[in-house]
Every structure is written in C-alpha cells, then in structure tokens.
Amino acid sequence: MHIYFCGSIRGGRQDVGIYQRIVQKLQKYGKVLTEHVSHSDLSDKGEDAVLLGEKEIYDRDMFWLAQSDVIVAEVTQPSLGVGYELGRAVAMEKRIFCLFRPSSGRSLSAMIRGAHNGNVFQVQDYMEEELEEVLENYFNKLNKV
C-alpha cells in the first residue's frame, strides 16, 4: 500500500513531533511516499527549492499523490499546501483520512470538516495520547473493505 502523508511545511512546523509519530505508525501499513514531511531538519521554508525548483517539487508530489492508495493528513496546523493536496486527492477519488486535534484551540476549516462523508473522506478528532490507536482503527477497517 502506498500512503501519502500530508502535514504543514511552510504553514508552520510546530507539529513535526506528531508528524514523526504518524509516519512511524503509517510505515507499518505500507510505504509512506512523503516521509520527508516528518523530518525535523525540514524547516518552515520547505525543501530547498533552489536545488529542486518549485515546479519539480510540485510535479513530484502530484506524481506521488496519483500513485497513493490512501492519503493521511494531519490538519491541525493550517496549511495552503495541505488543503491543495486534499482537493487534488478528492478529484482523484482517493481515500482520505484527516486528523485534527481540538485541544490546539483552533477551528478546522469547514471545507475539510464539511467534506467528511464517513466513507472515502473521513475526518477524525483525536487527542495526542490516542494517535496510534486512531490510526490502527482506521487501517484495520480500511483493510476489511
């Protein structure tokens, strides 16, 4: 199974520790194509666009998105890039699982929460201590489909 993980990069890196836990758990279910999102040395300036170029980063990520079987997005930290990736994933009819922490004090965008349909597009509120269990429950159900 190919898994595309979405998390904020240029929108802020406050949740990188949570991203690392998510990616570590996701690796038990398949190949995480976007593992770099969880790297602590990736700053809020993003990948080195001088070396790769913005267009090359975009093309690579869209290729990975097309190759993925499921998208897992941590959406607590607002990010234009994550929102864009999710919109493209919807257009590609991908399975999407969004994770949001209400304890952050933020409100999740209605464009994300409102897309929840209980099937292909799911949004799950969670607390940090239940992260691994939430992912396990999602993938156990997904594997039965």
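Contact here means heavy atoms within 4.5 Å, and everything shown comes from a predicted model.

**View 1. Helix 1 packs its contacts against helix 6.** On the helix 1 side, the residues to look for are Ile18, Arg21, Ile22, Lys25 and Leu26. Their partners in helix 6 are Leu131, Glu132, Leu135, Glu136 and Phe139. Sort the residues of this contact by type and you get six nonpolar, no polar and four charged.

**View 2. The same pair, helix 1 and helix 6, drawn as axes.** Helix 1 covers residues 16-26 and helix 6 covers residues 131-144. Their axes come within 10 Å and cross at roughly 35 degrees. As for handedness, this crossing of helix 1 and helix 6 is right-handed.

**View 3. Helix 3, with a buried side and a face turned away from it.** This one runs over residues 54-67, so 14 residues in total, and reaches 20 Å from its first C-alpha to its last, close to the 20 Å expected at 1.5 Å a residue. Ile57, Asp61, Met62 and Leu65 are its buried residues. Seen down the axis of helix 3, they fall within an arc of 125 degrees, so they line one face of the helix. As a reminder, an α-helix has 3.6 residues a turn, so residues three or four places apart point the same way. Flip to the face turned away from the buried side of helix 3 and you meet the exposed residues Lys55 and Phe63.

**View 4. Glu93, a loop residue with positive phi.** Glu93 sits in the loop between helix 4 (80-91) and strand 4 (95-100). Its phi is near 60 degrees, and this is a residue other than glycine. Glu93 is also exposed, with a relative accessible area of 72%.

Definitions and conventions
Residues numbered from 1 in each chain as written. Predicted model: local features only at pLDDT ≥ 70, side-chain atom pairs only at ≥ 80, totals over all residues. Heavy atoms only, no water. Helix = DSSP H or I, 4+ residues; strand = E, 2+ residues; numbered from the N terminus. Buried < 20%, exposed > 50% of the residue type's maximum accessible area, 1.4 Å probe, protein only. Arc of directions from axis to C-beta. Axes fitted to C-alpha atoms, helices over the stretch in contact; angles between N-to-C directions. Left-handed = near helix turned anticlockwise from the far one by under 90°. Nonpolar A, V, L, I, M, F, W, Y, C, P; charged D, E, K, R; others polar.
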